[in-house]
Amino acid sequence: MRCPRCQFENIPGQDRCLRCGSILDVKNAVIDIHPPRMPPWKGPMRMVLRWLRLQRTIPEAVPRPRVPDFLKIMSEHALFGCILSIIPGLAHYVDGRFREVRWFVLVWFLSLTAGIFIYGSNPGLLLLGLAVGIHSWIAYNYAFSKELNEPSEKIRTLIVMLFVLGIIYTGIRNTVFRGFVFGYADMTIPYQNIKAGDLLLARRGLTQAAKLNRGDIVLAPVAGDIYGGYGHQGQALRQGPIMASEIVGLTGEQVEIVNSSFVVDGKTLDAKKYPVPEWLRGNNIGPISVPDASFFVSTVYNVNGHGVVLNAGLVGQACMVRSYDIEAKAVIRWFPLARRGFLKEGE
Amino acid sequence: MRRFSRLEFGDKGDGGAAKPAPDGEEMRNAEYFQKQALRYQLAGDFELALRNYSRSLEKNSVFYPGWVGQVLMLIELGEYKEAAVWVDKALEMFPEHPELLAAKAVACARDGRMEKAIVYSDNSIAKDNVTSAVWLARAEVLLNRKSNIAQNCISKALSIAGEDGAMVKLQAGRLLNQKGDYAAALQYLRTASDELPKSALVWYELGFAQARLGRPEAAISFEQALKFHPTWPPAEEALRKFENRGFFTRLFGR
């Protein structure tokens with residue numbers, strides 16, 4: 001039997017063509033004439049999927065924007081297109097293909113803005129990482145996807161893009177945001193409305209330009225953890241991480257800790273303003289003299305080790321910070337946002 | 001009347017012209033149900049139109065307009081995936097038929113599958129005996145891609161429409177309404193309303209375009225639609241919305 005569609009000669013008795021699948025004898029075939037119907041619950045789901053598909057629809061004739069000729073020439077070359085993509089979406093825009101990446105550019109912008117807004121915190125770093133990833137994808141999408149066919153080549157290119165953009169973003173951070181540094185508060189200071197875990201924004205220039213006062217919160221490298229048998233043997237403590245500390249004693253002053261309060265030159269300080277950290281409470285220590293170009297700071301250490309003997313020598317060594325080691329002066333409670341605000345000036 | 005015209009020869013198909021029954025009533029063959037389907041289609045009741053197309057196929061399973069009508073009604077009901085499946089089935093019987101390929105292109109385009117839509121549209125337009133439905137489908141696909149030549153496809157569809165001119169104008173108007181070109185849609189729908197004055201769908205679409213352009217005649221058009229299809233929810237809703245439009249909408253016309 002000959003197929004009416006493809007003219008293939010089929011074996012007698014066949015219902016459908018072996019080559020193209022057409023019905024051979026239409027008049028005698030048993031044909032289902034009731035069309036399939038869509039269950040109502042599928043409607044909304046399909047609508048969403050359809051909307052997403054339509055977002056990817058590329059118009060046939062997009063008028064190319066008016067841009068200088070050299071940009072157009074650059075955008076046609078993969079490598080230069082990649083360079084143009086340092087501003088996300090610029091190469092696409094020049095090429096009249098911005099619609100392809102418009103949502104990515106929007107998400108990049110939002111994550112970058114949010115990342116800068118809460119910069120220094122873990123979510124902020126995550127958002128900035130996301131921004132770098134999206135940025136590299138936009139550049140990758142424009143410049144390389146057309147020319148590279150092997151998956152391994154594409155992956156290598158993506159990794160290189162991420163690396164290059166990581167350097168660019170780090171460079172921006174070290175130039176534009178050079179004067180700013182962040183640190184987490186490890187102790188609660190009710191007077192400054194600081195709670196342990198708050199992220200503080202500090203400025204570097206202030207430690208040189210302004211004289212540091214008692215009550216200022218500074219970011220400084222403090223001594224490392226004190227464990228039994230280490231600090232009290234007269235050895236120098238390890239250089240520890242940068243921590244937020246409160247200046248209690250200035251150069252030339254005598255600092256004592258009496259009944260869980262700081263006493264400076266015989267005058268007891270307000271415990272709300274100058275709280276004694278947990279590890280020093282219950283001990284009467286001092287007096288400790290603050291040497292030249294140094295400050296006595298109050299901060300938190302890990303003293304859970306056994307055999308630690310808290311004496312004036314050890315506390316003096318742990319709490320003393322040289323003025324040139326001070327990284328920055330904290331000025332704003334940055335995160336959590338509910339308690340965001342400027343810190344009060346010291347005395 | 002010929003001598004043997006009333007003899008039965010065991011023909012399964014009723015595909016011939018509708019013959020009057022002995023008592024004068026029209027015979028309920030495939031054409032009859034097709035006409036019924038078209039009536040419901042023009043009244044905007046696509047569900048009933050689909051059922052009538054199915055009934056026309058019950059009478060004659062190789063009745064081509066029945067298959068095309070079913071596919072088009074599925075598209076009108078928003079069941080694009082099902083329409084695409086049904087086109088494939090119809091294509092088994094009517095291979096490479098340009099109208100079926102065009103219907104598949106429309107189903108794909110409305111489902112957001114533009115690459116497939118353009119392929120089917122290209123395929124349909126390359127065939128011989130291209131009808132106005134093929135050109136309208138082409139126009140829809142091109143309008144989705146924001147192409148400037150879609151209007152030329154509509155003009156082409158109208159030029160080859162012949163007796164179906166009113167239907168083509170209605171479809172063109174509906175298409176342009178969907179794509180937001182209300183001024184162009186209004187032109188087609190006005191002439192369509194002259195040629196199909198009893199179609200609720202034409203009046204509804206005309207009212208829709210007028211309402212979007214801020215024309216007060218929209219209310220009359222919706223009322224006309226309700227006159228021919230009473231208690232039609234979309235027309236009632238559109239009329240209610242138009243009459244309750246806000247101050248600024250009335251002031252600025254749209």
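**Chain A, chain B and the contact of the two**

Of the 347 residues of chain A, 29% count as buried. The model is a predicted one. Chain A contains nine helices and twelve strands. Among its contacts with a separation of 6 or more, 59% are made by residues 24 or more positions apart.

One example of two residues distant in sequence is the pair A:Ser85 and A:Ser136. They are 51 residues apart along the chain, and their C-alpha atoms lie 8.5 Å apart in space. A:Ser85 sits in the loop between helix 3 (78-84) and helix 4 (90-94) of chain A. Is A:Ser85 buried or exposed? A:Ser85 has 25 other C-beta atoms within 10 Å, and the cut-off for a buried residue is 20 or more, so this loop residue counts as buried.

Strand 11 of chain A, residues 328-335, is a useful place to continue. This strand is mostly covered, with six of its eight residues buried. Strand 11 of chain A pairs with strand 2 (residues 199-203) of chain A in the antiparallel sense, over five bridges. In this pairing A:Leu199 has A:Phe335 of strand 11 as its bridge partner. Strand 11 of chain A is also joined to strand 12 (residues 341-342) of chain A, by two bridges and again in antiparallel fashion. Here A:Arg333 is matched with A:Gly341 in strand 12 of chain A.

Strand 11 and strand 12 of chain A form a hairpin, with five residues between them. A:Pro336 lies in the loop that links these two strands of chain A. The peptide bond leading from A:Phe335 to A:Pro336 is cis, and its omega is near 10°. A:Phe335 is thus met twice: as the bridge partner of A:Leu199, and as the residue before the proline in the cis bond. As background, most peptide bonds are trans, and most residues other than glycine have a negative phi.

The next part of chain A is an open sheet of four strands. Their order is 7-6-5-8, and the pairing is antiparallel. Strand 7 (267-268) and strand 8 (285-289) of chain A stand at the edges; each has a single partner strand, so one side of each is left without a neighbour in the sheet. Strands of a sheet pair through backbone hydrogen bonds.

Within this sheet, strand 5 (residues 254-258) and strand 6 (residues 261-264) of chain A run antiparallel and are joined by four bridges. A:Ile257 faces A:Phe262 of strand 6 of chain A. The loop between strand 5 and strand 6 of chain A holds A:Ser260. A:Ser260 has a positive phi, near 60°, and is not a glycine. With 15 other C-beta atoms within 10 Å, A:Ser260 is partly exposed.

Chain B offers another residue with a positive phi. B:Thr231 is not a glycine either, and its phi is about 55°. Its place is the loop between helix 12 (218-228) and helix 13 (233-243) of chain B. Is B:Thr231 buried or exposed? B:Thr231 has 7 C-beta neighbours inside 10 Å and counts as exposed.

Two other helices of chain B pack against each other. Such a pair is described by the angle between the axes and the distance between them. The axes of helix 3 (residues 64-76) and helix 4 (residues 80-93) of chain B come within 8 Å and cross at roughly 165°. An angle over 145 degrees counts as roughly antiparallel, so helix 3 of chain B is roughly antiparallel to helix 4 of chain B. The crossing of these two helices of chain B is left-handed.

From helix 3 of chain B, the residues in this contact are B:Trp67, B:Gln70, B:Val71, B:Leu74 and B:Ile75; from helix 4 of chain B they are B:Tyr80, B:Glu82, B:Ala83, B:Trp86, B:Val87 and B:Ala90. By class, the contact has nine nonpolar residues, one polar and one charged.

The last topic is the contact of chain B with chain A. It takes 25 residues from chain B and 20 residues from chain A. On the side of chain B that touches chain A, helix 2 (46-59), helix 3 and helix 4 each supply at least two residues. Which helix of chain B gives the most to this side? Helix 4 of chain B does, with six residues. By class, the residues on this side of chain B are eight nonpolar, seven polar and ten charged. Helix 4 of chain B thus takes part both in the packing with helix 3 of chain B and in the contact with chain A.

Note on methods: Residues are numbered from 1 along each chain as its sequence is written. Chains are lettered from A and ligands numbered from 1 in the order in which they are written. This is a predicted model: local features need pLDDT of at least 70, side-chain atom pairs count only at pLDDT 80 or more; totals for chains, interfaces and linings use all residues. Two strands pair if DSSP finds at least two bridges between them. Axes are lines fitted to C-alpha atoms, for helices over the stretch in contact, and angles run from 0 to 180 degrees between N-to-C directions. Angles under 35 degrees count as roughly parallel, over 145 as roughly antiparallel, 65 to 115 as roughly perpendicular and the rest as oblique. A crossing is left-handed if the near helix is turned anticlockwise from the far one by less than a right angle, and right-handed if clockwise. Two residues are in contact if their C-beta atoms, placed from the backbone, lie within 7 Å. Ala, Val, Leu, Ile, Met, Phe, Trp, Tyr, Cys and Pro count as nonpolar, Asp, Glu, Lys and Arg as charged, and the others, Gly among them, as polar. A residue is buried if 20 or more other C-beta atoms lie within 10 Å of its own, exposed if 12 or fewer, and partly exposed in between; C-beta atoms are placed from the backbone.
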